[in-house]
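Here are a few exercises to work through with the model open beside you. Try each task on your own before you read the solution.

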Amino acid sequence: MEKPLWLNPHFFPLLLAILFFLLQPSLSASDYVRQPPRKVVVTQHHRSKSDPQQVHTSLAGKDYMRISWITDDKDVPSKVEYGTVSGQYNAMAVGDHTSYHYFFYSSGKIHHVNIGPLEPSTTYYYRCGGHGPEFSFKTPPPTLPIEFVVLGDLGQTEWTASTLSHVDSKDYDVFISPGDLSYADTQQLLWDSFGRLVEPYASRRPWMVTEGNHEMEIFPIIYPHGFKAYNARWLMPYQESGSTSNLYYSFDVAGSHVIMLGSYTDFDDDSVQYKWLQSDLAKVDRKKTPWVIVVLHAPWYNTNLAHKGEGESMRKAMEDLLYKARVDVVFAGHVHAYERFTRIYDNKADPCGPVYITIGDGGNREGLALMFENPASELSVYREPSFGHGRLRVVDESRAHWSWHRNNDSDSFVADEAWLQSLTTTKSCWLYPGNTDDSMVKKDEL
Ligand SMILES: [Fe+2]
């Protein structure tokens, strides 16, 4: 007599597999149920007054990292002890400190200490100010491949925490943000809370940021220039890159030249930023850094109804510079949605223009920008108003893989991905009138 089906040893595994398949949530963009904004998370201070808080790291010139932190105790020295073995600090560096006032708020002592020279791809353990817990970070690799996490408009909500936990679930080398960090919006205690929220991540990998509109905090007559908190807390390597302003700078890391521009400072062709960008682009050596990446806040290309046209005057001023330099990709934030464009120059598809990507969907309290223009522009390849983060894995001098990871409630899902080819290895893009440097062509012909 034949055995009943359920006594077959393969029956239950097969049944489970079928059930698993049937119960999988549908994850296509059209079916995904978008979540409303979630509440602000205030991250409390639980350490002593002399212990470091809000620890974060950033790249600070070749083979150097900057450690930044805040203490309530003003007597704590701005020194960092570090080494490659936990608890054994055989090196020490002394740095600088600052503080600021904003109306009735007085910041703690804000320390910035550069340490190095450091070995690449190495884990260092460090202690700040001679007090408190040990932290560690890993230095980026010396050459490609490298993986960037790209994430804008973070804020400090439950969605932010969710996005950061997704970021943390897979290793990466350098964190890049196109701005709008804390959404403190003049409430200075929220800057402190934001620093504490991101410390577990920003103390372990370099965080390279540029400013958004939420960093401005301008108040007429009293604080006419703005960026008081941002500049004091998020000191970036502007001096190391020949810039005179913390609002724009550049850095090299593992075959990539990354330019962080300022959407909220002067950018016209007679501005200091424009001239700095011109000279920075002129210095790029595509043999050393075949990838050139630009990061700014207000997108130059955007088919969302939110913030439509806000990046247009900057685009008109600077697009030519990026195009002639054959910039590979431009990341922006500001619009709380994800959008990837094709290669563009002057509102037309152009194989030698940058790929434009808007990634302003980190999770802030304002929620998502749900409305896109219809019909969709043919320049816009993929667009979706969901929270998430992006990853750019630069594999070698010619290939990079871009992926956008949408936040599903407790997991993250790759909703969009694409392979990019560096313009360095696209021979036809270097044969334009007036180009006297044919080195790219020779390189491609090898
Ligand atoms: Fe913004």
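**Exercise 1. Find which residues E211 touches, leaving out those up to four places away in sequence, and decide whether E211 is buried or exposed.**

Solution. This is a predicted model, and E211 is a good place to start exploring. Step one is to locate the residue: E211 sits in the loop between β13 and α4 (228–233). Step two is to list its contacts: beyond residues up to four places away in sequence, E211 touches G179, F227, Y230, L247, G262, Y264 and H297. Step three is to count neighbours: E211 has 29 C-beta neighbours inside 10 Å. A residue is buried if that count is 20 or more, so E211 counts as buried. As a last check, take the C-alpha atoms of E211 and M260: they are separated by 8.9 Å, although the two residues are 49 apart along the chain.

**Exercise 2. Work out the strand order of the open sheet of six strands, and say why one side of β13 and of β24 is left without a neighbour in the sheet.**

Solution. Begin with the order, which is β13-β12-β11-β22-β23-β24, with mixed pairing. Next, look at the two ends: β13 (207–209) and β24 (412–421) stand at the edges and have a single partner strand each, so one side of each is left without a neighbour in the sheet. Ignoring direction, neighbouring strands here are turned by 20° against each other on average. Now pick one pair: β22 (residues 388–394) and β23 (residues 399–407) run antiparallel and are joined by seven bridges. Within β23, W402 stands opposite L392.

**Exercise 3. Determine which strands helix α2 lies across, and what covers its buried residues.**

Solution. First, place the helix: α2 (residues 158–168) lies across β11 (146–150), β22, β23 and β24, and runs at about 140° to β23. Second, pick out its buried residues, which are W159, T160, S162, T163, L164, H166 and V167. Third, see what covers them: the cover includes α3 (188–202) as well as β11, β22, β23 and β24.

**Exercise 4. Classify the packing of α5 against α6 from the angle of about 10°.**

Solution. Start from the geometry: α5 (residues 272–282) and α6 (residues 312–324) pack at about 10°, with their axes 10 Å apart. Angles under 35 degrees count as roughly parallel, so α5 is roughly parallel to α6. From α5, the contact uses Y274, L277, Q278 and L281, and from α6 it uses A317, M318 and L321. Sorted by class, this contact has six nonpolar residues, one polar and no charged ones.

**Exercise 5. Describe which way the residues of β17 point, and how β17 is joined to β16.**

Solution. Recall that in a regular strand the side chains alternate between the two faces of the sheet. In β17 (residues 329–332), V329 and F331 point one way, V330 and A332 point the other way, and all are buried. Strand β16 (residues 291–295) runs parallel to β17, and three bridges join them. V294 has V330 as its bridge partner in β17.

**Exercise 6. Identify stretches where pLDDT is below 50 or under 50.**

Solution. The chain averages a pLDDT of 90, and 89% of the residues score at least 70. Over residues 12–29, however, the pLDDT is below 50, and this stretch has five contacts beyond near neighbours in sequence. Residues 439–446 also stay under 50, with nine contacts beyond four places in sequence. Where pLDDT is low, the predicted coordinates should not be read in detail.

Notes:
Residues numbered from 1 in each chain as written. Predicted model: local features only at pLDDT ≥ 70, side-chain atom pairs only at ≥ 80, totals over all residues. Pairing = 2+ DSSP bridges. Helix = DSSP H or I, 4+ residues; strand = E, 2+ residues; numbered from the N terminus. Axes fitted to C-alpha atoms, helices over the stretch in contact; angles between N-to-C directions. Contact = placed C-beta atoms within 7 Å. pLDDT = per-residue confidence, 0-100. Buried ≥ 20, exposed ≤ 12 C-beta atoms within 10 Å, placed from the backbone. Parallel < 35°, antiparallel > 145°, perpendicular 65-115°, else oblique. Nonpolar A, V, L, I, M, F, W, Y, C, P; charged D, E, K, R; others polar.
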